[in-house]
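Open the model in your viewer and keep the sequence panel visible. The stops below say what to select and what is there.

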Amino acid sequence: MKRQLVVVIGAQLVFCSLAVASERMEDGRKAYEANCATCHTSGTNGAPVTTSTEDWKNRSELWDAVLVEHAKSGYLAMPAKGGEPDTSNYDVEVAAEYMLNLAHPDFPQD
Ligand code: HEC
């Protein structure tokens with residue numbers, strides 16, 4: 001009986017964290033499509049194309065820390081927040097996470 005309870009609670013914890021993670025990815029997809037896709041789908045101004053692993057090869061390996069920061073504050077030809085300063089930090093973060101997941105499907109998901 002006790003063991004069953006533990007299994008049920010454990011399963012719920014896993015389910016909750018998956019639900020939160022997929023919510024972030026869903027928010028990320030929306031924010032990406034609204035703010036980032038214009039350049040990162042076509043490669044405008046030399047933007048790395050999201051689905052091209054090749055384009056991302058020489059970018060920083062410190063994905064979350066460095067690349068998300070670059071997405072927020074700009075980096076070379078990449079305008080801060082994709083050129084939309086009113087975009088919230090949360091939207092830029094989840095958009096960048098979404099993008100990096102697509103760019104590196106082989107990386108472990110958070
Ligand atoms: C106006 C076009 C444009 C938009 C919109 C845009 N980007 Fe970019 N982005 C670029 C370009 C160009 C680069 C390449 C910068 C370079 O290396 O010169 C880039 C590079 C990046 C990089 C790699 C930075 C690095 O350190 O190598 C990330 C991450 C990124 N963009 C995320 C985003 C996110 C997230 C959004 C949406 C919030 C976004 N971009 C919107 C043009 C854009």
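The tour of this predicted model goes from the ligand to a loop and then to a helix.

**Stop 1: the ligand.** Select the ligand and show the residues around it, 28 in number. Cys36, Cys39, Leu76, Met78 and Gly82 come nearest. Colour this shell by residue type: 16 of its residues are nonpolar, 10 are polar and 2 are charged. Now switch to the cartoon view and find α2 (37-40), α4 and α5, each of which supplies at least two residues of the shell.

**Stop 2: Leu76.** From the ligand, move to Leu76, one of the residues that come nearest to it. Leu76 sits in the loop between α4 (63-73) and α5 (89-103). Its phi is near 50°, a positive value in a residue that is not glycine. Is Leu76 buried or exposed? Leu76 is exposed, because 8 other C-beta atoms lie within 10 Å and the limit for exposed is 12 or fewer.

**Stop 3: Lys81.** Stay in the loop between α4 and α5 and select Lys81. Here too phi is positive in a residue other than glycine, near 55°. Lys81 has 20 C-beta neighbours inside 10 Å, so Lys81 counts as buried.

**Stop 4: α5.** Select the 15 residues of α5 and place a distance label between the end C-alpha atoms. They are 21 Å apart, which agrees with the 21 Å that the helix should span at 1.5 Å a residue. Then pick out the buried residues of α5, including Asp91, Glu97, Tyr98 and Leu100. Val92, Val94 and Met99 are also among them.

Technical notes. Residues numbered from 1 in each chain as written. Predicted model: local features only at pLDDT ≥ 70, side-chain atom pairs only at ≥ 80, totals over all residues. Helix = DSSP H or I, 4+ residues; strand = E, 2+ residues; numbered from the N terminus. Near = placed C-beta within 6 Å. Nonpolar A, V, L, I, M, F, W, Y, C, P; charged D, E, K, R; others polar. Expected span 1.5 Å × (residues − 1).
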